[in-house]
Amino acid sequence: MECDKCGSDAVLHAAYSGLYLCEDHLCRAVEKRLRRRVREDGLVPDDATPEDPETWVIGLSGGKDSVVLTHILHDVFERDPRIELVALSIHEGIEGYRDKSLEACEELTDDLGIRHEVVSYESEFGVQMDDVVEDDPEGMAACAYCGVFRRDVLSRYAEELGADKLLTGHNLDDEAETALMNFLEGDVDQIAKHFDASLGPFEGGDAPTDRTRANQDHHIPRAKPLRDVPEKEIALYARFRDLPAHITECPHSSEAYRGEIQELMLGLEENHPGTRHSIMAGYEKLAALAADAFGGEDSAKDFGECDNCGAPTARDICRKCNLIEALEAV
């Protein structure tokens, strides 16, 4: 088939739009959607100046999503003195997996000239994920432990690095799956938190929701500039731009429920192209309403400090410290 934009050989049929795209126009489309999301979410504030630039810390795992995010953001903002990019990678302690992905991170950041910081679970918590999986004192999936530890490290080090925003490479598939999970679980509070934490636009954005996200002094604000782009298109972009992405599944990946949702989503998208986009369009409006009712400034008052480590939490002891104590007791 031919590209609908230029007549060259097509490399992708985007069933949700009906378009056939060549390599060049596919890559342009991915870049355009990221730039649009940056604009609609108001990621660059009006008061950012070369004298007082915004610092964006990018969670760089070495996988396709975070590598593509870092590459495009660098291309867009390399000559913009209002924005400073810093890459933050985490070594979880997974033998034969994370070392290779960190090599990809180092190759990318060296090529782009971006500051790159690496933190490990071993240095922070005295644990490695290989050992956590073996001990498993809470009887949980590996991803449940790792998610808690990763969020803690990203948040703390983003703050230490002076981040104004923490950017992650979540794609359309990731976000539609999370939206569907939150809805099926009936978790309205989580939907409200989702909006204020990473979905809602900042002041100055022109997203279709009337509401902007509430200020959250207890956490560095997060943003997901690739959340309009399907996973497959990001993978193709990484390939066509010859980016050093480490595209291998984590050996401990075993989120059973998310896996079921993923299979459901794949089937729906195949039979009804555009399902992911429709889910997110409706979910963002729903999340804005939920944030009006259950989120905002009042929800931030529920956060105090962990008695052990001082991290922001709604409990006396944060979830991370609870897990570390459970692992130390094994």
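**Close-up 1. Surroundings of helix α1 in the predicted model.** The buried residues of α1 are covered by elements that include β1 (12–14), β2 (19–21) and β3 (54–59). Helices α2 (64–77), α9 and α11 (275–294) are also among the covering elements. The buried residues of α1 include His 25, Leu 26, Cys 27, Ala 29 and Val 30. Charged-residue names appear in the list too: Glu 31, Arg 33, Arg 37 and Glu 40 are buried. Leu 34 and Val 38 complete the buried set.

**Close-up 2. Length and end of helix α1.** Helix α1 spans residues 23–40, 18 residues in total. From first C-alpha to last, α1 reaches 26 Å. That is close to the 26 Å expected at 1.5 Å a residue. Just after α1 comes Gly 42, with a positive phi of about 65 degrees.

**Close-up 3. Thr 109 in helix α3.** Thr 109 sits in α3, residues 98–112. Its relative accessibility is 2%, so Thr 109 counts as buried. Leaving out residues up to four places away in sequence, Thr 109 touches Leu 60, Ala 87, Ile 114 and His 116.

**Close-up 4. Asp 136, a loop residue with positive phi.** Asp 136 lies in the loop between α5 (129–135) and α6 (142–160). Its phi is about 45 degrees, positive although Asp 136 is not a glycine. Asp 136 is partly exposed, at 26% relative accessible area.

**Close-up 5. Asp 242, in the loop between α9 and α10.** The flanking helices are α9 (231–240) and α10 (256–271). Asp 242 has a positive phi, near 55 degrees, and is a residue other than glycine. With a relative accessible area of 70%, Asp 242 is exposed.

Methods. Residues are numbered from 1 along each chain as its sequence is written. This is a predicted model: local features need pLDDT of at least 70, side-chain atom pairs count only at pLDDT 80 or more; totals for chains, interfaces and linings use all residues. Side-chain values use heavy atoms; hydrogens and water are left out. Helices (H or I, at least four residues) and strands (E, at least two) are DSSP runs, numbered from the N terminus. Buried means under 20% relative accessible area, exposed over 50%, partly exposed in between (1.4 Å probe, protein chains only). Contact means heavy atoms within 4.5 Å. The expected span of a helix is 1.5 Å times one less than its number of residues.
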